[in-house]
Amino acid sequence: MAMQQEWANKDYYGDLGVSSSASAADIKKAYRKLARENHPDSNPGNKAAEEKFKRVAEAYDVLGNEQERKEYDQFKSMMGSGGFGRFGGGGSGFPGGFRTTQTDFSDVFGHPGAGQAGDGGLGDLFGGLFNRGGAAGRNARPSRGADVETEITLDFREAAKGTTFPVELTGEAPCTTCHGSGSKDGKTHRCGTCSGSGYVRENSGAFGMARPCAECQGTGEIIEDPCTTCHGTGTVRRTRSITVRIPAGVIDGQKVRLAGQGEAGPNGTPAGDLFVHVHVREDAVFTRSGDDLEVTVPVSFGELALGGTVTVPTLEKRVRVKIPAGTPNGRTLRVKGRGVPRKSGKAGDLLVTVEVAVPKDLDAAATSALRAYHQAERDSGFDPRAGWAGNQ
């Protein structure tokens, strides 16, 4: 519900740069391309790219889900046809504007009352969009549980490799006594007050307003023998522990959606979703550039001039990297497949930047040898500033 309220100001197709008729494959392709181009690790300090990345991820969360995309399309179609125009704040219609809550939609668009059939109009459409059926035979209660949001903080390497994380959530969970049905014996009968619709109609002046039925609490059914533990709701409030699986490669600020891990729905209806906001700690050794892992390795001048081999860390185990003779300071060497894992099963690369560490204290023998080398270097005609623009 809370997520759908944001749709009025969103253009998810525009964010992904695809048409509303794009196939699921085209949407996925566009998302991957834009996510790669605007990834924060590839655009350090670029706030515009970071915001674009978040919009693209949010758009794909909706359009990448077949059911949510259908609901989003229905909602935007209604907006485009002017269905909200007369209810907007500041215009004609109801004073004070129009709030997208379940009660407001039932008030504005109405619902079949006792003994009345649904007309298949606005009430039916918005009932489907906002998780309360609109046609006759459906009810006023939400058709799923509430979404839940939580936050976790991971170490850099946990986020890069993927991990599982225990989370404690307090909220509505299925009643273990009645297994979520709300009924001690499983029996129900149709509510006589609202004729099973879940709504009763109230006439007020020129308007006919529909309200959730107080007799059946909007369910359309009466439980003959309510469960004594949950009092007929099918849910009880308790704290539960779940293990959240975080996929490899998540970045700081990313939102991970776990379908069906939110609060339990009333009377056996599906659970909502869990949205996990991930925060990632900085690492003392590694940084990221997209799916590539970056590390800076201190080396000596001799290792660069003469060549050599250094051992560097990765996410799994240390690897040996060969330094060619004559390698300049600051050069980056690439090790294939030793970076951040991708969904495809492959991984990015390890980018090893070599940086000369200059000794501060030398003993007499080392100082003498270095002076001799420096003189031999000059005698050979080597000039480190030859061709330097500052000499011009």
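1. In this predicted model, Lys-52 touches Asp-15, Leu-34 and Asn-38, when residues up to four places away in sequence are left aside. Lys-52 itself is found in helix H4, which spans residues 47–63.

2. The charge of Lys-52 deserves a careful look, since the residue is buried and yet has no salt bridge. The nearest side chain of opposite charge is that of Asp-15, at 5.2 Å, and a salt bridge requires a side-chain nitrogen of Lys or Arg within 4 Å of a carboxyl oxygen, so this pair does not qualify. The backbone of Asp-15 is another matter: its oxygen lies 3.0 Å from a polar atom of the Lys-52 side chain.

3. Turning to the strands, E8 (residues 255–258) shows an alternation of side chains, in which Val-256 and Leu-258 point to one face and are buried, whereas Lys-255 and Arg-257 point to the other face and are not buried. Strand E8 runs antiparallel to strand E9 (residues 274–280), and four bridges join the two; within E9, Leu-274 is the bridge partner of the buried Leu-258.

4. A separate point concerns the open sheet formed by four strands in the order E10-E11-E15-E14, whose pairing is mixed. Its edges are strand E10 (286–289) and strand E14 (332–335), each of which pairs on one side only, and the twist from one strand to the next averages 30°.

5. Within that sheet, E10 and strand E11 (residues 292–299) pair in the antiparallel sense over four bridges. For Ser-289, the bridge partner in E11 is Asp-292.

Key
Residues numbered from 1 in each chain as written. Predicted model: local features only at pLDDT ≥ 70, side-chain atom pairs only at ≥ 80, totals over all residues. Heavy atoms only, no water. Pairing = 2+ DSSP bridges. Axes fitted to C-alpha atoms, helices over the stretch in contact; angles between N-to-C directions. Buried < 20%, exposed > 50% of the residue type's maximum accessible area, 1.4 Å probe, protein only. Lys, Arg positive; Asp, Glu negative; His and termini not counted. Polar contact = N/O pair within 3.5 Å; in protein donor to acceptor, adjacent residues only side chain to side chain. Contact = heavy atoms within 4.5 Å.
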